[in-house]
Amino acid sequence: MPEPTPIPDWLGWLPPRLVALDVEATGLAAGDRMVSVGVVALATASLVTGRPEIACHHLIFDPGRPSHPAAQAVHGYDDWLLRHQDPAAMHLAALAGILAGADLVVAHNAAFDLAVLDREMATAGLPAVSATVYCTMEAYRRRGERGRAALDAVCRRMGLARVGTRHGALEDAWLALRAYLWLQACPVAVARPELTAPSNLRPVPPRPEGPLPPRA
């Protein structure tokens with residue numbers, strides 16, 4: 001009978017189920033709304049096999065208002081596309097179920113992501129995220145690393161880079177997951193998921209000439 005595979009030390013301090021997330025929003029103010037969310041769930045025991053088991057979720061929403069120009073430059077979704085999408089409330093119960101099954105929720109600059117998400121949950125009459133949250137940005141700073149602690153800077157430190165210049169929620173959730181595993185000295189790399197369009201993306205009619213009409 002073959003010897004059982006020894007459990008590596010680093011697996012002992014990982015929770016059984018990680019959920020990494022990233023939220024893109026219309027801006028940075030307290031009243032800004034969620035535009036998209038990306039989630040990458042990982043069963044950490046599968047890291048030992050060298051074939052990590054992940055499940056990805058990528059959603060887009062109508063925030064009910066235009067994005068600040070600086071925010072639109074980051075996430076890349078204009079108001080014409082967003083106003084034809086589902087409101088977040090249609091999908092938040094399912095998203096809450098995914099997060100409720102997490103032993104740990106991971107995000108980079110988690111205070112921002114969770115604040116936006118919890119505001120949306122409250123608007124939909126749902127409770128705030130109750131899982132334990134780990135912020136990779138704060139953990140990176142606690143290591144005493146020099147320089148900026150933005151996700152792009154942490155990725156450069158790890159030898160990773162984005163596919164493009166936009167901050168896609170699914171890719172940023174994966175990057176936050178990679179940052180967490182790197183901070184925990186986990187030697188197994190989780191491959192970048194296929195960066196497809198949000199699963200609930202609705203088709204958009206041709207954009208009208210000139211300024212957009214007022215929102216309904």
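This passage describes selected helices, helix contacts and single residues of a predicted model.

Helix α3 spans residues 92-100. Its buried residues are Leu92, Leu95, Ile98 and Leu99. These residues cover an arc of only 115° around the axis, so they lie on the same side of α3. The spacing follows a general rule. An α-helix has 3.6 residues a turn, so residues three or four places apart point the same way. The face of α3 turned away from the buried side carries exposed residues, namely Ala93, Ala94 and Ala100. The cover over the buried residues of α3 comes from several elements. Among them are the strands β1 (17-25), β2, β3 (53-60) and β4 (104-107). Helix α4 (110-123) also takes part in this cover.

The pairing of α3 with α4 can be described in detail. Their axes come within 11 Å and cross at roughly 130°. This angle makes α3 oblique to α4. The crossing of α3 past α4 is left-handed. On the α3 side, the contact involves Leu92, Leu95, Ala96 and Leu99. On the α4 side, it involves Leu117, Glu120 and Met121. By class, the contact of α3 with α4 holds six nonpolar residues, no polar ones and one charged residue. Leu92, Leu95 and Leu99 thus appear twice, as buried residues of α3 and as partners of α4.

A second helix pair is formed by α6 (residues 151-158) and α7. Helix α7 covers residues 169-183. The two axes come within 10 Å and cross at roughly 50°. Helix α6 is therefore oblique to α7. It passes α7 in a left-handed crossing. From α6, the residues Leu151, Val154, Cys155, Arg157 and Met158 make the contact. They meet Asp172, Leu175, Ala176, Arg178, Ala179 and Trp182 of α7. The residues of this contact divide into eight nonpolar, no polar and three charged. The buried residues of α6 are Leu151, Ala153, Val154, Cys155 and Met158. They pack against α7 and also against α5 (136-142). Just after α6, Gly159 takes a positive phi of about 85°.

Positive phi values also occur outside glycine. Most residues other than glycine have a negative phi. Asn109 departs from this pattern, with a positive phi near 60°. Asn109 lies in the loop between β4 and α4. Its relative accessibility is 31%, so Asn109 counts as partly exposed. Ala185 is not a glycine either, yet has a positive phi of about 60°. Ala185 sits in the segment after α7. With a relative accessible area of 52%, Ala185 is exposed, because the cut-off for exposed is over 50%.

Leu201 is likewise found in the segment after α7. Leu201 counts as partly exposed, at 35% relative accessibility. Beyond its neighbours within four places in sequence, Leu201 is in contact with Ile60, Leu81 and Gln85. Leu201 and Asn109 are 92 residues apart along the chain. Their C-alpha atoms are separated by 26 Å.

Two further residues are buried. Ser36 is found in strand β2, which runs over residues 34-43. Its relative accessible area is 1%, and Ser36 is therefore buried. Sequence neighbours within four places aside, Ser36 is in contact with Asp22, Val23, Glu24, Leu59, Ile60, Phe61, Tyr77 and Ala169. Asp22, Val23 and Glu24 fall within the range of β1 (17-25). Ala169 falls within the range of α7 (169-183).

Leu82 belongs to helix α2 (residues 79-82). Leu82 is buried, with a relative accessible area of 1%. Leaving out sequence neighbours within four places, its contacts are Val35, Ile60, Phe61, Asp62, Pro63, Ser67, His75, Tyr77 and Arg215. The C-alpha atoms of Leu82 and Gly31 are separated by 17 Å. Along the chain, these two residues are 51 residues apart. Ile60 recurs in the contacts described here. It is in contact with Leu201, with Ser36 and with Leu82. Phe61 and Tyr77 contact Ser36, and Phe61 and Tyr77 also contact Leu82.

Definitions and conventions:
Residues numbered from 1 in each chain as written. Predicted model: local features only at pLDDT ≥ 70, side-chain atom pairs only at ≥ 80, totals over all residues. Heavy atoms only, no water. Helix = DSSP H or I, 4+ residues; strand = E, 2+ residues; numbered from the N terminus. Buried < 20%, exposed > 50% of the residue type's maximum accessible area, 1.4 Å probe, protein only. Contact = heavy atoms within 4.5 Å. Arc of directions from axis to C-beta. Axes fitted to C-alpha atoms, helices over the stretch in contact; angles between N-to-C directions. Parallel < 35°, antiparallel > 145°, perpendicular 65-115°, else oblique. Left-handed = near helix turned anticlockwise from the far one by under 90°. Nonpolar A, V, L, I, M, F, W, Y, C, P; charged D, E, K, R; others polar.
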